[in-house]
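Biologist: I'd like a close look at just one part, please: the largest pocket. Walk me round its walls and tell me what stands behind them.

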Amino acid sequence: MSRRLRLAALTVAVGLAGVGVAMLLLAVLARPALRLRADMTHTGGAGVSERTAAALRTLPEGSRLTVFMFPENPAWAWNGSAVYPRAFDRLISLLEDARLRAGGRLEVTLLDRTSSLLETEEAQRRLGRRPGDALFLEVGDTRKVLAFEELFQVIEPTRDGQPARLRAERLDHALGNAALALASGALPRVAIYTAARAGALYDPQQLLPLARLLTDEGFEVVDATDLRGVQDADLLVVPGQHQAFAPAELDAARAWLDAGKPLLLALGAFADERVVEDWNALLSERGAVFGSGLICEPVRTSGGVIEGDPICGHLETSGAEFDDQHAISSRISTSGRAQIFTATRPVETGAAGNAFTIARVARSEVEAWLDLPGGKDFILDGAERRGIRGIAAASEPWMAQGDAANGRLVLLGSAASLEGGRLAALHDFTAAAVRWLAGREMRDFELVATRELPFRPDRATQARIDNLAVLVLPGAAFLAAFGIFLRRRR
């Protein structure tokens, strides 16, 4: 009996030791740095590129990547469209490769409809996510937000019933750019002009939401009270101007434009006319200037049409009111998502100089009118006439010197829309304008064709595969069996 007990004890000890060794081995092999994935596609594009992998390996420990995989655009799910399933499958595959090749420096969290509701809500609250935001890369206190449209290019559904479909992707390129920017710490700098508005950049009722939007877009925000001290910034944003330029400040604004640096300029209906005159003098050759007055539109409700109310100064714009050809507004136009412009003065477009292009990217509806001083507020009277008015315009030179000096300009007739809670109703347009100004809009030459991922054979290749599967393989098995039969007969 003692011998049996000793044998049982030895067996249990060896078993426990084996379990311990197996657990230790699994714990070691589970480390991302020790896992390998084989890319079997002939283009070698199934995983992240070497450039992106190198950028991910420079991230500090504790970096986080949160991905929201929710089909939020009904047009891309209409009529059985496979846009979202294919895009999400690609996201899962590539981000797993990114996690492994980051060498344990990147924590990846994927959230979809099967995720815990509490976890999803907490992540959305912490990150301040908006519809369309797909990927959040966080490094310490800085982060970069990538929208679904920045990761994939989608062909919109057509009126004849053809569903939306993926055309191409730039997921690897966008992820690599975000990792490089955050890892280096050398984020592009955006200067927000806040002269005569002390503390506005830190006030949630004024410009703090705009500063957060720019931070999410991967910029370092600089509070600029004097244009002369921010000439080395990468982007200038003027969200309204509360005092006229001093001569030195006017020269600094002219120097910024002459250097070909991008500018987002927003002047509302109640801006000082001296400010408007100064900017119009600087911008006259660009083919766009600010007009005077307040654009109003009738508001249609279930109870009838409202005019003569301050609500008429809130322009709810969607669909056809946006230029469906320009990079800033094309996605907003096709999605039909409404944007609200508050206290808007007209932006007038005309012939630009030979060196520049001009586009009216947003306009009012045809029944809008220009509320002029001296008449009744928010009511069509006197010399006021109905008609289409420009709300925003974009200009760029035919030949830019580069992304840092691309000469791009966006004129916005509403400054109030960039302040406080009103920015939420103009978030999509503002973010798209900032991306365009920074040269980060979707470009065909940066796209990787999704027809390579997964493998989709043409008809000739499919015929060869069918012949191999139906004829060659069964035939070879039959011939081998027949040969064995003949040999056994001998």
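Modeller: Start with α11, which supplies the largest share of the largest pocket's lining, 6 residues. Bear in mind that this is a predicted model, where local features need pLDDT of at least 70 and side-chain atom pairs pLDDT 80 or more, while totals for chains, interfaces and linings use all residues. Numbering runs from 1 along each chain as its sequence is written, and side-chain values use heavy atoms, without hydrogens or water.

In all, 42 residues line this pocket (an open set of points on a 1 Å grid where a 1.4 Å probe fits, with protein on both sides within 12 Å along at least five of seven lines; lining residues have an atom within 4 Å of a point). Nearest its centre sit E149, E150, A327, R331 and I332. Besides α11, two or more lining residues come from each of α3 (83–101), β3 (133–139), α5 (148–151), β5 (152–155) and α10 (330–335). By type, the lining has 17 nonpolar, 9 polar and 16 charged residues. The pocket's volume is about 900 Å³. Domain 1 (50–182) and domain 2 (189–437) both contribute to the lining, so the pocket lies between them.

Now back to α11 (427–437), because this helix has a second job in the picture: it also gives the most, 6 residues, to the largest nonpolar core (buried nonpolar residues, under 20% relative accessible area, joined through side-chain atoms within 4.5 Å). That core has 40 residues, and I328, F341, V410, L412 and F429 make the most contacts inside it. Other elements supplying at least two core residues include β7 (189–193), α7 (208–216) and β18 (356–363).

Technical notes. Buried means under 20% relative accessible area, exposed over 50%, partly exposed in between (1.4 Å probe, protein chains only). Helices (H or I, at least four residues) and strands (E, at least two) are DSSP runs, numbered from the N terminus. Grid points are joined across faces, edges and corners, and a volume is the space filled by probe spheres set on the points. Ala, Val, Leu, Ile, Met, Phe, Trp, Tyr, Cys and Pro count as nonpolar, Asp, Glu, Lys and Arg as charged, and the others, Gly among them, as polar. Domain bounds come from an automatic or database domain assignment.
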